[in-house]
Amino acid sequence: MPEQVGSPVRFYQKWAFVLEIEGVAVAGFQDCGPLKQTAGLIEQHEGGARTAVDYSTSKFKTEKVAASRGASDNDELWQWWVNVKKGNVDKRNCSVVQQDPAGNPILRWNLPTCSLLSYEGGTFDGKNETENVIEKIEFQPLDLDRKTV
């Protein structure tokens, strides 16, 4: 048998984003976002004056995150979705890791306490025996935390 030259390609190396649940890579995606938060405003009239208005930030809202055009080499996302369909409250700590073309991590977004909102499987073509094609998933995180790797 000939000697193998180079290193084998990891499954998630070909994706722009890798979704991790509790620190374990479960799927790779080409698109992921928006990773967005907004803060509300409180309007306060200082000293009863009608003309002087002071604004302060209030509670913040984290937008739902959509990951699309991806695949997985396991069924962890599907099992999470099945658990949600059964009516169980199942919140998980997720991370979205952006990768360079060589598969090296660039940025990590930690998304604590995520609820899975939707799951859309890809079109079955009968060719993918090792991949679970995932067209799109949506999940709602409680917060966002950006880390440089």
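Modeller: Let's settle one term first: a residue is called buried when its relative accessible area is under 20%, exposed when it is over 50%, and partly exposed in between. Please keep in mind that this is a predicted model.

Colleague: Thanks! How many helices and strands are there in the protein chain?

Modeller: Reading from the N terminus, the order of the elements is β-β-β-β-β-α-β-β-β-β. Counting them up, the protein chain has 1 helix and 9 strands.

Colleague: What share of the 149 residues in the protein chain is buried?

Modeller: To be counted here, a residue needs a relative accessible area under 20%. Among the 149 residues of the protein chain, the buried share is 30%.

Colleague: Let's look at one residue, then. Is E20 buried or exposed?

Modeller: E20 is found in strand 1. Its relative accessible area is 13%. The limit is under 20%, so with 13% E20 counts as buried.

Colleague: Which residue in strand 2 is the bridge partner of E20?

Modeller: Strand 1 (residues 17-21) and strand 2 (residues 24-33) run antiparallel and are joined by 5 bridges. Within this pairing, E20 has as its partner in strand 2 the residue A25.

Colleague: Which residue takes a positive phi in the hairpin of strand 1 and strand 2?

Modeller: Look at the turn between these two strands, where the hairpin has 2 residues. A positive phi near 55 degrees appears in this hairpin, and the residue that takes it is E22.

Colleague: Back to E20. How far apart in sequence are the parts that E20 and R108 tie together?

Modeller: The side chains of E20 and R108 form a salt bridge, with N to O at 2.7 Å. E20 belongs to strand 1 and R108 to strand 7, so the parts tied together are separated in sequence by 88 residues.

Colleague: And R108 itself: is R108 buried or partly exposed?

Modeller: E20, its partner in the salt bridge, is buried at 13%. R108 has a relative accessible area of 24%. Buried requires a value under 20%, so R108 at 24% is partly exposed.

Colleague: How many salt bridges does the structure hold?

Modeller: As a general idea, side chains of opposite charge can pair when their charged atoms come close. E20 with R108 is one such pair, and D31 with R69 is another salt bridge. The total for the structure is 6.

Colleague: How far apart are the closest N and O atoms of D31 and R69?

Modeller: This pair links distant parts of the chain, with D31 in strand 2, R69 in strand 5, and their positions 38 residues apart. Strand 2 and strand 5 (residues 65-72) also pair in the antiparallel sense over 5 bridges. For the salt bridge of D31 and R69, the closest N and O atoms are separated by 3.0 Å.

Colleague: What is the relative accessible area of R69?

Modeller: D31 is partly exposed at 34%. R69 is partly exposed too, since its value falls between the 20% and 50% limits. That value for R69 is 46%.

Colleague: Which residue in strand 5 is the bridge partner of C32?

Modeller: Stay with the 5 bridges between strand 2 and strand 5. There, C32 is matched in strand 5 with A67.

Colleague: Which residues do shared salt bridges join into one network?

Modeller: Start from the salt bridge between K136 and E138, where N to O is 3.8 Å. K136 is partly exposed at 31%, whereas E138 is buried at 15%. Salt bridges with shared partners make one network out of K64, K136 and E138.

Colleague: Why is the pair of W78 and Y119 given the name it has, and what is that name?

Modeller: A search of the whole structure turns up 1 aromatic pair. Its ring centres, in W78 and Y119, are 5.2 Å apart, and the planes stand at 65 degrees. Planes over 60 degrees apart earn a particular name, so this pair is called edge-to-face.

Colleague: Last one! How much accessible area does the nonpolar patch of L41, V53 and Y55 have together?

Modeller: V53, one of its members, sits in strand 4 (residues 53-62). V53 is partly exposed at 33%. Together, L41, V53 and Y55 have an accessible area of about 300 Å².

Note on methods
Residues numbered from 1 in each chain as written. Predicted model: local features only at pLDDT ≥ 70, side-chain atom pairs only at ≥ 80, totals over all residues. Heavy atoms only, no water. Patch = residues over 30% accessible without salt bridge, like charges linked within 9 Å, V, L, I, M, F, W, Y side chains within 5 Å. Areas by Shrake-Rupley, 256 points an atom, 1.4 Å probe, with all protein chains shown as cover. Salt bridge = Lys/Arg side-chain N within 4 Å of Asp/Glu carboxyl O. Helix = DSSP H or I, 4+ residues; strand = E, 2+ residues; numbered from the N terminus. Buried < 20%, exposed > 50% of the residue type's maximum accessible area, 1.4 Å probe, protein only. Phe/Tyr/Trp six-rings, centres within 6.5 Å; stacked < 30°, edge-to-face > 60°. Pairing = 2+ DSSP bridges.
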